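Dear colleague,

I am passing on the structure we spoke about, followed by a short account of what was found in it. Please look through it first and then read on.

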Amino acid sequence: GTAYKTNYERKFNAGLDIKYSLTSNLTMDLTLNTDFAQVEADDQIVNLTRFSLFFPEKRQFFVERSSIFTIRTGYLDQLFYSRRIGLNEGEIVPIIGGARLVGRAGKWDIGFMDMQTSYHEYMDEEADSLVQLESTNFGVLRVRKQVFNPTSYAGGMVTSKIDVKGNYNINAALDLIYNPFRNDYMTMNYAHTFDSEIPLTSHIFDHGKFYFNWINRSNIGLTYDFIFSRSGTKYDPEMGFELLEDHAQFYGLVGYGWVYNEEDKKMLNQQLMVWTRINKRNEDFTTDISEISIGYNFSLKNGFRANFDLFQNHENLTEPFDLSDEVFFPVGSYDYIRFVGGFGTPTNKLIILNLQSTAGTYYDGTIFSLGPAGITLRPSSSFNLGVDYQYDQVDITDRSQHFKSHLARLKTELTFTTKLSLMMYFQYNTNDKFGINNIRFRYNPREGNDLYLVYNGNYNTHIHREIPDLPAMDLNTFTVKYTYTFIWDK
């Protein structure tokens with residue numbers, strides 16, 4: 001009566017994708033019952049911060065020509081983050097279908113996307129609760145035009161998220177990218193939120209976010225990067241990515257770089273930089289986070305490279321930060337210093353090494369991290385083997401709290417012929433006490449035709465941590481996917 005029950009479920013699905021060229025510069029994509037079974041699994045990451053992690057988009061439908069939809073509103077902040085569509089906290093949400101239009105019409109760059117997800121429910125294991133997601137429409141419209149000169153643009157974007165019950169979250173933005181001279185670029189934008197759950201107030205800027213950036217993009221001579229942004233209390237881009245809410249951010253970087261073209265020089269380039277970042281709460285303008293860094297990096301002409309960075313951090317916690325079930329940091333003000341060093345070998349050799357390490361203080365404890373450290377073997381163009389490892393240790397001696405984690409990844413890519421390939425990706429994380437297998441076999445008889453055999457499996461390592469013992473395998477998915485592409489000429 002207390003044993004685990006195994007469930008088997010079989011599904012058959014068919015999907016359709018259409019790519020249609022309206023003009024030589026404007027392409028429309030239509031998708032129905034969209035499936036991304038063949039996409040590589042995300043990297044597992046040990047999060048030692050109190051902020052959300054940013055994962056890159058890997059789904060081809062969203063990756064292709066995605067730069068048109070980019071409006072940056074902070075360090076990692078973006079007004080549109082495509083992983084909000086069809087994914088929720090790592091859970092795959094079925095996509096009924098959608099359309100995308102990208103290209104140029106006259107002097108305007110145009111990007112349009114509209115996707116519809118279906119109703120979906122799943123169990124949140126951490127919260128031990130049922131999550132119910134309504135069928136939702138996700139839309140984004142982007143337009144921009146060259147102004148002043150060929151490398152300057154002005155435009156706007158609107159994102160909308162509307163579910164079947166009428167709940168909506170809409171964000172509208174205007175932006176300008178101006179290149180006044182040479183390598184200097186000035187970026188300004190303002191985004192505004194309209195939400196069915198957020199009543200409008202008389203303070204219009206409470207619903208918006210302003211972003212300004214002046215950067216010199218050269219790596220030779222003097223370089224600089226200055227950012228100011230402010231998000232209001234009611235600003236909430238549900239289709240975007242935000243590290244912090246209701247804050248003002250200041251960022252400044254000044255550096256100097258050297259590049260050596262002389263044949264007798266062993267060094268290719270080097271750069272020295274100093275930067276600082278300050279986040280302040282809008283409520284009382286107190287400093288939430290401040291960080292100062294001094295860094296130096298160089299590359300040799302033979303391919304070796306290294307970097308050294310010293311960080312001084314200040315954080316003001318208004319609520320406890322739980323690093324794990326055993327380690328937490330109480331409310332209070334903290335100052336700590338870390339040193340980060342990295343090293344890499346040439347990328348065109350049989351064996352490629354990359355190593356990074358961090359050591360220093362961390363809140364009211366100490367931290368030591370080894371990694372990400374990786375070794376890649378490329379004995380031929382048809383074989384690629386990569387091993388990555390990361391070790392993290394946090395100790396708070398005064399409170400007898402300790403955190404240790406090991407994260408290992410093994411990725412193998414084999415290309416047997418131009419038509420046959422195999423990718424195997426294994427990950428193991430001691431912090432979460434489970435591993436992930438992702439094995440993908442691809443048969444490509446001709447361009448546009450693909451047969452995929454995909455296996456995804458989650459396995460438990462510490463099975464005795466629960467009563468009754470956990471099953472060795474938590475979830476297994478085996479997928480057979482075949483795609484056939486045909487070209488229809490008018």
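What share of the 490 residues of the protein count as buried? The figure is 40%, and, like everything that follows, it should be read with the caution that this is a predicted model.

As for the overall architecture, the protein has 29 strands together with 1 helix, and its C-alpha trace spans about 60 × 60 × 55 Å along the principal axes. The radius of gyration is 25 Å, which agrees with a compact globule, because a globule of 490 residues would have a value near 23 Å. Among the contacts between residues at least 6 apart in sequence, 50% join residues that are at least 24 apart.

Turning to the surface and the charges, the protein exposes about 28,000 Å², of which carbon and sulfur atoms supply 57%. There are 46 positive and 59 negative charges, and the mean positions of these two groups lie 9 Å apart.

One residue was looked at in detail, namely R281, which is placed in strand β16, a strand that covers residues 267-281. R281 counts as buried because its relative accessibility is 17%, and the cut-off for buried is under 20%. Leaving aside residues up to four places away in sequence, R281 touches D246, T286, T287, D288, N316 and T318. With one of these, N316, there is also a polar contact, in which a polar atom of the R281 side chain lies 2.7 Å from the backbone oxygen of N316.

With kind regards

Note on methods. Residues are numbered from 1 along each chain as its sequence is written. This is a predicted model: local features need pLDDT of at least 70, side-chain atom pairs count only at pLDDT 80 or more; totals for chains, interfaces and linings use all residues. Side-chain values use heavy atoms; hydrogens and water are left out. Helices (H or I, at least four residues) and strands (E, at least two) are DSSP runs, numbered from the N terminus. Buried means under 20% relative accessible area, exposed over 50%, partly exposed in between (1.4 Å probe, protein chains only). A polar contact is a pair of N or O atoms within 3.5 Å; within protein, one must be able to donate a hydrogen and the other to accept it, and residues adjacent in sequence count only if both atoms are side-chain atoms. Contact means heavy atoms within 4.5 Å. The radius of gyration is taken over C-alpha atoms; the globule rule is 2.2 Å times the number of residues to the power 0.38. Accessible areas come from the Shrake-Rupley method with a 1.4 Å probe; for residues, only the protein chains shown count as cover. Lys and Arg count as positive and Asp and Glu as negative; His and the chain ends are not counted. The place of a charge is taken as NZ of Lys, CZ of Arg, CG of Asp or CD of Glu.
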